[in-house]
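Student: I want to go through the labels used for this model. For each one, please tell me what earns the name.

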Amino acid sequence: MPSNADSMVILPASIEEICLIISETKTTNSAGIDGFLVKHFKAAKFNSAILISKLINKIVECDTWPNKLKTQIVRPIYKKGKKHDLDNYRPISLLPVLNKFIEKFFAERITTFLTKKNLLSENQFGFRKNKSTNDALKEINDKISGALNDGKFVSAIMIDLQKAFDTVNHDILLNKCAKIGLRGKINNILNSYLKNRKMTTRISNTNSTLTDVWSTSGVCTGPIIVSNLY
């Protein structure tokens with residue numbers, strides 16, 4: 001368990017670092033509440049990086065995630081079954097593209113810290129670079145094959161957590177982060193990120209009235225920063 005000396009320190013964001021994040025971000029036609037697309041930032045990458053790096057450093061200085069970047073559009077995506085059954089729709093969340101760049105900055109800094117401190121399990125395959133579900137399947141296959149070759153019986157328990165992201169308790173998540181070294185300033189930023197969120201539901205081209213999200217648990221599945229922590 002990391003000591004106080006092992007707490008994560010957030011170094012200032014550089015223009016070059018943000019330029020790289022913008023370049024590596026996949027260009028899509030999905031826009032947040034502000035209507036901006038990734039291509040708009042890529043068209044003026046250097047100037048965008050200046051703006052974004054200043055904003056990130058201000059977030060670090062104030063320990064506060066801007067409320068304007070926490071307004072999400074929720075779109076119900078039909079999966080299967082009867083279309084009038086709401087359980088047959090999967091909600092996806094669209095946050096402002098600017099928020100996506102900022103999330104990537106913090107997610108990369110957090111991942112670098114956790115990797116350096118060797119705090120990520122080798123058995124965690126989700127949300128990690130150079131790892132995928134194929135690696136998880138290969139790991140399982142190797143263990144099963146090895147056991148069978150040794151003449152052993154093999155059994156497995158599979159757990160399907162439905163709506164897993166909806167069950168994440170904010171206090172438990174933040175306490176867990178603090179215990180592994182994400183305390184102080186970064187913990188305050190994560191706490192701010194989870195609070196005071198707003199949402200609107202979009203069907204076709206029509207948005208519902210903005211609604212406050214008063215919940216102490218659950219995180220939307222779109223954000224990069226949450227995916228890396230969960």
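Tutor: Start with the word helix: it is a DSSP run of H or I with at least four residues, and helices are numbered from the N terminus. The model shown is predicted. Asparagine 196, placed just after helix H7, has a positive phi of about 55 degrees.

Student: How do you know that helix H7 is largely enclosed by the rest of the structure?

Tutor: Helix H7 covers residues 185–194, and 7 of these 10 residues are buried, so the helix is largely enclosed. Among the buried ones are Ile186, Leu190 and Tyr193.

Student: Why is lysine 185 called partly exposed?

Tutor: Its relative accessible area is 35%. Buried means under 20% and exposed means over 50%. The value for lysine 185 falls in between, so the residue is partly exposed.

Student: What makes the contact of aspartate 63 and lysine 185 a salt bridge?

Tutor: The distance from N to O is 2.7 Å. The cut-off is 4 Å, so the pair qualifies. Aspartate 63 lies in the loop between H3 and E1, while lysine 185 belongs to helix H7, so the bridge ties together parts 122 residues apart in sequence. The structure holds 7 salt bridges.

Student: How far apart along the chain are aspartate 142 and lysine 138?

Tutor: They are 4 residues apart in helix H5, about one turn of the helix. Residues three or four places apart in an α-helix point the same way, because there are 3.6 residues a turn. The side chains of aspartate 142 and lysine 138 form a salt bridge at 3.0 Å, N to O. Lysine 138 is exposed because its 51% is over 50%, whereas aspartate 142, at 40%, is partly exposed.

Student: How do you know that strands E3 and E5 pair?

Tutor: Pairing needs at least two bridges, and E3 and E5 have 3, so they pair. The two strands run antiparallel. Lysine 198 has aspartate 212 in E5 as its bridge partner. The side chains of aspartate 212 and lysine 198 also meet in a salt bridge of 2.4 Å, N to O. That pair links distant parts of the chain, 14 residues apart.

Student: In which sense does E3 pair with strand E1?

Tutor: E1 and E3 pair in the parallel sense, over 4 bridges. Valine 74 is opposite threonine 201 of E3.

Student: Why is threonine 200 called buried?

Tutor: Threonine 200, which is in strand E3, has a relative accessible area of 2%; that is under 20%, so the residue is buried. A polar atom of its side chain lies 2.6 Å from the backbone oxygen of serine 208.

Student: How many disulfides are there?

Tutor: A search of the whole structure finds 0. A disulfide needs two cysteine sulfur atoms within 2.5 Å, so no pair of cysteines meets that cut-off. As for accessibility, cysteine 19 is buried at 14%, while cysteine 62 is partly exposed at 42%.

Student: What makes isoleucine 144 eligible for a nonpolar surface patch?

Tutor: A patch residue needs over 30% relative accessible area. Isoleucine 144 has 32%, so it passes that cut-off. The patch, of about 310 Å², is made by Ile140, Ile144, Leu148 and Val154.

Note on methods: Residues are numbered from 1 along each chain as its sequence is written. This is a predicted model: local features need pLDDT of at least 70, side-chain atom pairs count only at pLDDT 80 or more; totals for chains, interfaces and linings use all residues. Side-chain values use heavy atoms; hydrogens and water are left out. Buried means under 20% relative accessible area, exposed over 50%, partly exposed in between (1.4 Å probe, protein chains only). Patches are made of residues with over 30% relative accessible area and no salt bridge: like charges are joined within 9 Å, nonpolar side chains (Val, Leu, Ile, Met, Phe, Trp, Tyr) within 5 Å. Accessible areas come from the Shrake-Rupley method with a 1.4 Å probe; for residues, only the protein chains shown count as cover. A polar contact is a pair of N or O atoms within 3.5 Å; within protein, one must be able to donate a hydrogen and the other to accept it, and residues adjacent in sequence count only if both atoms are side-chain atoms.
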